[in-house]
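Work through the exercises below with the structure open. Try each task before reading its solution.

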Amino acid sequence: MKIGFIGCGNMASAIMGGLIGNDVFKPEEIIAADSYEGSLKKAREKYGVFVTGDNTECVKLSEVIVLSVKPQYYKEVIDEIKEFVSVDKLVITIAPGKTIKWLEESFSGRVKIIRTMPNTPALIGEGMTGVCKNQYVTEKDMEYALKILSSFGKAEVVSESVMDSVVAVSGSSPAYVFMLIEAMADGAVAAGMARPAAYRFAAQAVLGSAKMVLETGKHPGELKDMVCSPAGTTIGAVKVLEEKGFRGAVMDAMEKCVEICKGM
């Protein structure tokens, strides 16, 4: 079986790396299509995959097709390839806002569609991907797709009704976390710490805190309380964050993300 990627940017590259690194596909079983020669050259040199500038060639040679172009190019690409997408092929999408209904109407035929939303930590094998499917996808197809999507992190089946929430809480959220790390590091620098050390301390604190949530199973509020000693430094800092509307700002940001996603 061969898998083809239409669009060869960072996310496609991350998925290819996961597939090859976990022996899900061999390099010779992967096809990358892109209109930009630089992206194809990078994929060929880094992974040894077959590359082409022809999207239809990619579809014809592949049993699984990953649409990894930006959302604004989906209609154009689908119009180009849809006559070559037979019912036995599996289409995986990674674009926010493009619903299964929209995809089915765009393909205007009986097509197996798996809609996903991965995130950029896939680049280091720590991605989180929400997954849903249309009626034509069999359980065997879904099992195979989850094997593909789990090669670069975690993958979880969700209802399509929450896919816009997946975008906000997972797809876009690395940007929020990077801003938090940067702000924490700036604060440490202001207090006298060298910047390289400040980034290391801030990033490791975020990594460790996230692992505590996942591995202890404790509520985040309970874990927060464990750090907040009476009249201590941490509760003083938490008080300032509450006064500045920290949690409300994060929730408002996610609400805006969902709103934009629904309008795509």
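**Exercise 1. Find which residues of helix 7 and helix 12 meet, then sort the contact by class and describe the crossing.**

Solution. This is a predicted model, so treat each step as a reading of a prediction.

Step 1. Start on the helix 7 side. Asp164, Ser165, Val167, Ala168 and Val169 make the contact there. On the helix 12 side their counterparts are Met254, Cys257, Val258, Cys261 and Lys262.

Step 2. Sort by class. The contact of helix 7 with helix 12 holds seven nonpolar, one polar and two charged residues.

Step 3. Look at the axes. Helix 7 spans residues 163-171 and helix 12 spans residues 246-262. Their axes come within 9 Å and cross at roughly 135°. Angles over 145 degrees would count as roughly antiparallel, and 65 to 115 as roughly perpendicular. Helix 7 is therefore oblique to helix 12.

Step 4. Add the hand. Helix 7 and helix 12 cross in the right-handed sense.

**Exercise 2. Describe how helix 8 and helix 9 cross, and name the residues that meet.**

Solution.

Step 1. Place the helices. Helix 8 covers residues 173-190, and helix 9 covers residues 195-216. Their axes come within 8 Å, with a crossing of roughly 135°.

Step 2. Name the arrangement. Helix 8 and helix 9 are therefore oblique to each other. Their crossing is right-handed.

Step 3. List the contact. Helix 8 brings Val177, Leu180, Ile181, Glu182, Met184, Ala185, Asp186, Ala188 and Val189. Helix 9 brings Arg195, Ala198, Tyr199, Ala202, Ala203, Ala205 and Val206.

Step 4. Sort by class. The contact of helix 8 with helix 9 has 13 nonpolar, three charged and no polar residues.

**Exercise 3. Is Leu223 buried or exposed, and which residues does Leu223 touch?**

Solution.

Step 1. Locate the residue. Leu223 sits in helix 10, residues 220-227.

Step 2. Check the accessibility. The cut-off for buried is under 20% relative accessible area. Leu223 has 9% relative accessibility, so Leu223 counts as buried.

Step 3. Find the contacts. Set aside neighbours within four places in sequence. Leu223 then contacts Met212, Val213, Thr216 and Lys218.

Step 4. Take one pair. Leu223 and Val213 are 10 residues apart in sequence. Their C-alpha atoms are 7.8 Å apart.

**Exercise 4. Trace the order of the strands in the open sheet, and find its edges.**

Solution.

Step 1. Read the order. The open sheet has eight strands, in the order 3-2-1-4-5-6-7-8, and the pairing is mixed.

Step 2. Mark the edges. Strand 3 (50-52) and strand 8 (153-157) each pair on one side only.

Step 3. Note the twist. From one strand to the next, the twist averages 25°.

Step 4. Compare two pairings. Strand 1 and strand 2 are parallel and share four bridges. There, Gly4 has Ile31 in strand 2 as bridge partner. Strand 6 (residues 112-117) and strand 7 (residues 127-133) run antiparallel, joined by four bridges. There, Arg115 has Cys132 in strand 7 as bridge partner.

Step 5. Add the helices. Helix 2 (residues 37-47) packs on the sheet and touches strand 2 and strand 3. The directions of helix 2 and strand 3 make about 170°. Helix 6 (residues 139-149) also packs on the sheet, touching strands that include strand 1, strand 4 and strand 5. The directions of helix 6 and strand 7 make about 165°.

**Exercise 5. Which residues of strand 2 are buried on each side?**

Solution.

Step 1. Recall the rule. Side chains in a regular strand alternate between the two faces of the sheet.

Step 2. Apply the rule. Ile30 and Ala32 are buried on one side. Ile31 and Ala33 are buried on the other. Both faces of strand 2 are covered.

Technical notes:
Residues numbered from 1 in each chain as written. Predicted model: local features only at pLDDT ≥ 70, side-chain atom pairs only at ≥ 80, totals over all residues. Heavy atoms only, no water. Pairing = 2+ DSSP bridges. Helix = DSSP H or I, 4+ residues; strand = E, 2+ residues; numbered from the N terminus. Axes fitted to C-alpha atoms, helices over the stretch in contact; angles between N-to-C directions. Contact = heavy atoms within 4.5 Å. Parallel < 35°, antiparallel > 145°, perpendicular 65-115°, else oblique. Left-handed = near helix turned anticlockwise from the far one by under 90°. Nonpolar A, V, L, I, M, F, W, Y, C, P; charged D, E, K, R; others polar. Buried < 20%, exposed > 50% of the residue type's maximum accessible area, 1.4 Å probe, protein only.
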